[in-house]
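Trainee: Could we go through this model together, a few places at a time? I would like to practise reading it with you.

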Amino acid sequence: MNFSSLLGQLEGTALSSLEEFLSEESLGRIRHGDIRRRLGQIGQLPQIRPSMTDFRERVLIGDPADCDEATRPQLRNQLLDFIPWRKGPFEVFGIELDCEWRADMKWARLDGQIAPLKGRRVLDVGCGNGYYCFRMLGRQAGQVIGLEPHIPYAMQFWALKSFVPDANCWVLPMALEDFPGRSEYFDSAFSMGVLYHVRSPLDHLVSLHDSLRPGGELVLETIFVEGGEGYSLTPKNRYAQMRNVWFIPSIATLEVWLERCGFVDWKIIDRSITTPEEQRTTEWMPFESLVNSLDREDSKRTIEGYPAPMRVLLTARRPD
């Protein structure tokens with residue numbers, strides 16, 4: 001993970017304090033997520049430079065002809081070693097990475113409905129393997145910084161980044177709560193599928209607000225439940241087999257949260273019901289997925305008896 005180019009861009013800004021966290025010494029102190037083994041795996045990947053990329057219509061790195069027939073099966077097996085791949089799909093030198101989430105479907109829902117990303121500084125919180133970071137570059141974002149505290153997912157990004165080292169997108173192995181506060185640095189901030197995983201959703205929204213420059217845009221996607229203002233589901237234990245789900249608000253409650261945290265002009269882009277077409281088990285994520293978390297007799301309920309996942313996608317703005 002070479003952050004020298006990014007640190008050069010951040011010099012003299014409110015994010016220059018990241019230099020200490022991103023030093024080799026600090027990164028070397030990370031003990032969770034088996035980071036040393038993952039970095040070793042990245043170091044063993046073949047050094048291939050793609051003749052072309054496409055991040056606008058998909059995430060494609062390289063032409064099949066860039067990788068010889070003897071190397072491609074080896075590379076495929078090396079990438080499989082990074083499972084589970086959650087967000088995708090990717091195509092790498094002709095290798096199709098069919099990930100659990102058809103994240104391209106979610107991207108299609110927001111594409112053209114948000115502020116144009118051309119030239120903007122973009123923050124992607126809980127970015128996983130960086131799928132959306134690459135798509136943001138495809139919309140000509142000037143700089144993309146993703147935050148992902150789960151080391152195995154962050155390492156998937158760095159495996160892909162090894163083939164496109166000059167791409168101005170970066171995934172930092174850290175959570176939003178560890179990020180410099182009140183930076184007012186970004187033009188756009190994305191929080192996609194994160195809000196229900198944080199213990200304090202209002203603190204999460206305040207941190208997103210403070211990361212934006214005045215007039216900056218928040219793009220928020222989260223699970224919601226039906227209900228009036230003030231209602232939020234708090235699962236007793238698990239929700240859809242997920243342990244770390246704390247609060248699932250109604251849309252009316254979510255709007256109150258946004259207002260309390262300083263946002264204005266919120267607008268709903270899309271509401272959808274998560275289906276097995278969008279989230280499923282694949283070779284690249286061979287473990288249980290959506291169908292295993294729903295009631296077999298009633299797909300509108302989770303196996304715990306809660307409403308099945310429905311998702312809302314909206315934008316909001318930090319006031320000028």
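Here are some questions and answers on this predicted model.

Trainee: Happy to start with a helix. Which side chain of opposite charge is nearest to Lys 161?

Mentor: Good place to begin. Lys 161 belongs to helix α8, residues 151–161. Lys 161 is buried and has no salt bridge, because that would need a carboxyl oxygen within 4 Å. The nearest side chain of opposite charge is 7.2 Å away, and it belongs to Asp 166.

Trainee: Leaving aside neighbours within four places in sequence, which residues does Lys 161 contact?

Mentor: Keep in mind that Lys 161 is buried. With those sequence neighbours left aside, its contacts are Ala 167, Cys 169 and Trp 170.

Trainee: Now to α4. Why are its buried residues on the same side of the helix?

Mentor: Let's list them: in α4, residues 35–43, the buried ones are Ile 35, Arg 38, Gln 41 and Ile 42. They lie on the same side of α4 because around the axis they cover an arc of only 120°.

Trainee: And which element do the buried residues of α4 pack against?

Mentor: Look at both sides of the helix. Arg 36 and Gly 43 are exposed on the other side of α4. The buried residues, among them Ile 35 and Ile 42, pack against α8.

Trainee: Let's turn to the strands. How many bridges join β10 and β11?

Mentor: β10 spans residues 186–192, and seven of its seven residues are buried. One parallel partner is β7 (residues 121–125), joined to β10 by four bridges, with Val 125 opposite Ser 191. With β11 (residues 212–224), β10 also pairs in the parallel sense, and the number of bridges there is six.

Trainee: What is the hand of the crossover from β10 to β11?

Mentor: One pair to find in these strands is Phe 190 with its bridge partner Val 219 in β11. Between β10 and β11 the chain passes through helix α9, residues 201–211, and this β-α-β crossover is right-handed.

Trainee: Where is Pro 89, which follows a cis peptide bond?

Mentor: Compare two prolines here. The bond from Ile 83 to Pro 84 is cis, with omega near 10°, and Pro 84 sits in the loop between α5 and β3. The bond from Gly 88 to Pro 89 is cis too, with omega near 10°. Pro 89 is in the loop between β3 and β4.

Trainee: One last residue: what is the relative accessible area of Phe 93?

Mentor: Phe 93 is in the loop between β4 and β5. Its phi is positive, near 50°, although the residue is not glycine. Phe 93 is buried, and its relative accessible area is 0%.

Technical notes:
Residues are numbered from 1 along each chain as its sequence is written. This is a predicted model: local features need pLDDT of at least 70, side-chain atom pairs count only at pLDDT 80 or more; totals for chains, interfaces and linings use all residues. Side-chain values use heavy atoms; hydrogens and water are left out. Helices (H or I, at least four residues) and strands (E, at least two) are DSSP runs, numbered from the N terminus. Buried means under 20% relative accessible area, exposed over 50%, partly exposed in between (1.4 Å probe, protein chains only). Lys and Arg count as positive and Asp and Glu as negative; His and the chain ends are not counted. Contact means heavy atoms within 4.5 Å. The arc is that of the directions from the helix axis to the C-beta atoms. Two strands pair if DSSP finds at least two bridges between them. A crossover is right-handed if, with the strands pointing away from the viewer, the path from the first strand over the helix to the second runs clockwise.
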